[in-house]
Amino acid sequence: MNFGDIGGMGGAVAGYISTPEGQDAVKKYLTSPDGIAMLQNFAGSPEGKKVILSTLPQILAGLNLPPGVADMIKGSLGNQ
């Protein structure tokens, strides 16, 4: 998502999200029924899949998974 395209409010939104309060608000929204539905819709879109696949290596690297698990996950998602 490009926050610079939200009707000129991009800087304010990005600034708020960078604060602890903004991050808490985002977490609360993303764990709400509306947030979960939004994430499911985004993940099912071609753009969402592209974003997920491009960020997946960094996410998996930070999870301290057993050897081979990250490669298995990446391989199973790449084959769909």
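**A kinked helix in an all-helical chain**

A kink of about 45 degrees lies at Thr55 in helix 4, shortly before the proline Pro57. The model is a predicted one, and this bend makes a convenient place to start reading it. Helix 4 covers residues 46-61, 16 residues in all. From its first C-alpha to its last, helix 4 reaches 24 Å, close to the 22 Å expected at 1.5 Å a residue. Within helix 4, the residues Gly48, Leu56 and Leu60 are buried.

Ile59 also has its place in helix 4. With a relative accessible area of 47%, Ile59 counts as partly exposed, because that class takes in values between 20% and 50%. Along the chain, Ile59 and Ala70 are 11 residues apart, and their C-alpha atoms are separated by 9.6 Å.

Stepping back to the whole chain, the secondary structure comes to 5 helices and 0 strands. Read along the sequence, this gives the pattern α-α-α-α-α. Of the 80 residues in the chain, 9% are buried. The accessible surface comes to about 6,200 Å², and carbon and sulfur atoms hold 64% of that area.

Part of this surface is a nonpolar patch formed by Tyr29, Met38 and Leu39, which together have about 260 Å² of accessible area. Met38 sits in helix 3. Its relative accessible area is 36%, so Met38 is partly exposed. This value also passes the patch criterion, because patch residues need over 30% relative accessible area.

The loops offer some local detail as well. Ser32 is found in the loop between helix 2 (20-30) and helix 3 (33-44). On one side, a polar atom of the Ser32 side chain lies 2.6 Å from the backbone oxygen of Tyr29, the residue already met in the nonpolar patch. A polar atom of the Ser32 side chain also lies 3.1 Å from the backbone nitrogen of Gly35. Both distances fall within the 3.5 Å used for a polar contact. The side chain of Ser32 is thus paired with backbone atoms of Tyr29 and of Gly35.

Further along, Asn64 belongs to the loop between helix 4 and helix 5 (69-78). Asn64 has a positive phi of about 55 degrees, although it is not a glycine. Is this loop residue buried or exposed? At 72% relative accessibility, Asn64 counts as exposed, because the cut-off for that class is over 50%. Asn64 therefore falls in the exposed class, whereas Ile59 in helix 4 is partly exposed and Leu60 of that helix is buried.

Key
Residues are numbered from 1 along each chain as its sequence is written. This is a predicted model: local features need pLDDT of at least 70, side-chain atom pairs count only at pLDDT 80 or more; totals for chains, interfaces and linings use all residues. Side-chain values use heavy atoms; hydrogens and water are left out. Helices (H or I, at least four residues) and strands (E, at least two) are DSSP runs, numbered from the N terminus. A polar contact is a pair of N or O atoms within 3.5 Å; within protein, one must be able to donate a hydrogen and the other to accept it, and residues adjacent in sequence count only if both atoms are side-chain atoms. The expected span of a helix is 1.5 Å times one less than its number of residues. The bend at a residue is the angle between axes fitted to the seven residues ending there and the seven starting there. Buried means under 20% relative accessible area, exposed over 50%, partly exposed in between (1.4 Å probe, protein chains only). Accessible areas come from the Shrake-Rupley method with a 1.4 Å probe; for residues, only the protein chains shown count as cover. Patches are made of residues with over 30% relative accessible area and no salt bridge: like charges are joined within 9 Å, nonpolar side chains (Val, Leu, Ile, Met, Phe, Trp, Tyr) within 5 Å. A salt bridge is a side-chain nitrogen of Lys or Arg within 4 Å of a carboxyl oxygen of Asp or Glu.
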